[in-house]
Amino acid sequence: DCLSFYEHLKAKAAKKGKDLFLFNSGDIVDGTGLSDATVIDGEALTPLIQQMPFTALTSGNHELYRDETMTHMVSSGFVASWGGRYITGNVFNATTGRRIGEPYAIVQGEQKTNVMVFGFLFNMENHCAAVDVRRVQDVVQEQWFLDAVDKAADKAYAISAIVVLGAPPALRPPLQRDPSSRKARGYRPQRRVQLVRGEGRGVST
């Protein structure tokens with residue numbers, strides 16, 4: 001149903017000369033009948049999700065409760081299969097110190113619309129030992145983030161909007177008060193910032 005809906009909307013957008021982007025803000029290992037069908041959470045789901053034409057994805061907190069879940073997502077090639085579009089700005093491998101995914105991505109639609117995409121998880125403390133979740137307010141002070149936001153203002157990249165993917169808990173403050181979006185807006189107020197958040201089931205600007 002989701003794929004069919006997306007394809008219909010994309011066709012309508014194309015007729016108007018517009019792009020449609022499909023994002024996933026995480027928690028992909030729960031919520032369906034297949035979620036608990038395997039010993040490793042979501043093992044039966046990831047091959048199906050790989051067939052979806054997501055523009056970019058990020059990790060939710062549900063992927064980070066058990067070591068074997070995230071380990072499988074990496075070792076199975078799921079993360080790498082997105083070609084640099086699995087974005088985890090503040091989620092790292094606890095052993096290697098490397099990000100699980102990429103810090104950000106610049107994606108382009110068929111109508112040549114360029115969008116810069118970030119992905120941040122809330123400051124999760126009860127994650128598994130396999131990962132290290134760094135505080136958002138610290139990560140957005142790092143040079144890579146400042147350089148990326150500068151790119152958004154560079155006419156050579158022709159960035160139309162900044163998209164921030166995230167999975168804040170429903171009872172925590174909404175993503176629009178998250179440090180990542182505040183920082184992006186503060187540095188480049190002339191760029192539209194689109195927030196796509198999980199759990200709260202909301203999209204805000």
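This briefing covers the helices, the sheet, the nonpolar cores and the salt bridges of one structure. The model is a predicted one. It includes an open sheet of 3 strands, a largest nonpolar core of 24 residues and 6 salt bridges.

**Helix α1**
- Helix α1 covers residues 2-15, which makes it 14 residues in length.
- From the first C-alpha of α1 to the last, the reach is 20 Å, close to the expected 20 Å at 1.5 Å a residue.
- Gly17 follows α1 and has a positive phi, near 75°.

**The open sheet**
- The strands of the sheet run in the order β1-β2-β3, and their pairing is parallel.
- The edge positions belong to β1 (23-24) and β3 (86-87). Each of these has a single partner strand, so one side of each is left without a neighbour in the sheet.
- Strand β2, made of residues 56-58, pairs with β3 over 2 bridges in the parallel sense.
- Leu57 has Tyr86 of β3 as its bridge partner.
- As general background, strands of a sheet pair through backbone hydrogen bonds, in either a parallel or an antiparallel way.

**Nonpolar cores**
- In soluble globular proteins, nonpolar side chains tend to be buried together.
- Within the largest nonpolar core, of 24 residues, the members that touch the most others are Ile49, Leu64, Met73, Phe78, Tyr86 and Val131.
- Two or more residues of this core come from each of α3 (67-75) and β7 (131-133).
- Ile49 is in contact with Ile28, Phe54, Leu57, Phe78 and Trp82, leaving aside its neighbours within four places in sequence.
- Tyr86 therefore appears in two settings: it is the bridge partner of Leu57 in β3, and it is one of the core residues that touch the most other members.
- Another core lies apart from the largest one and has 18 residues, including Val140, Val149, Ile162 and Val164.

**Thr69 in helix α3**
- Thr69 is located in helix α3.
- Its relative accessible area is 1%, so Thr69 counts as buried, the limit for that term being under 20%.
- Leaving aside neighbours within four places in sequence, the contacts of Thr69 are Val29, Ile40, Asp41 and Glu63.

**Salt bridges**
- Side chains of opposite charge can pair when their charged atoms come close.
- The structure holds 6 salt bridges, and three of the pairs are described here: Arg66 with Glu68, Asp132 with Arg134, and Asp138 with Arg135.
- Arg66 and Glu68 meet through their side chains at 2.6 Å, N to O. Arg66 is partly exposed at 31% relative accessibility, and Glu68 is partly exposed at 32%.
- Asp41, which is in contact with Thr69, is linked with Arg66 and Glu68 in a network of salt bridges.
- For the side chains of Asp132 and Arg134, the N to O distance is 3.2 Å. Asp132 is partly exposed, with 28% relative accessibility, and Arg134 is partly exposed, with 31%.
- Asp138 and Arg135 form a salt bridge at 2.9 Å, N to O. Both ends are partly exposed, Asp138 at 37% relative accessibility and Arg135 at 43%.

Note on methods
Residues are numbered from 1 along each chain as its sequence is written. This is a predicted model: local features need pLDDT of at least 70, side-chain atom pairs count only at pLDDT 80 or more; totals for chains, interfaces and linings use all residues. Side-chain values use heavy atoms; hydrogens and water are left out. Helices (H or I, at least four residues) and strands (E, at least two) are DSSP runs, numbered from the N terminus. The expected span of a helix is 1.5 Å times one less than its number of residues. A nonpolar core is a set of buried Ala, Val, Leu, Ile, Met, Phe, Trp, Tyr and Cys residues joined through side-chain atoms within 4.5 Å. Buried means under 20% relative accessible area, exposed over 50%, partly exposed in between (1.4 Å probe, protein chains only). Contact means heavy atoms within 4.5 Å. Two strands pair if DSSP finds at least two bridges between them. A salt bridge is a side-chain nitrogen of Lys or Arg within 4 Å of a carboxyl oxygen of Asp or Glu.
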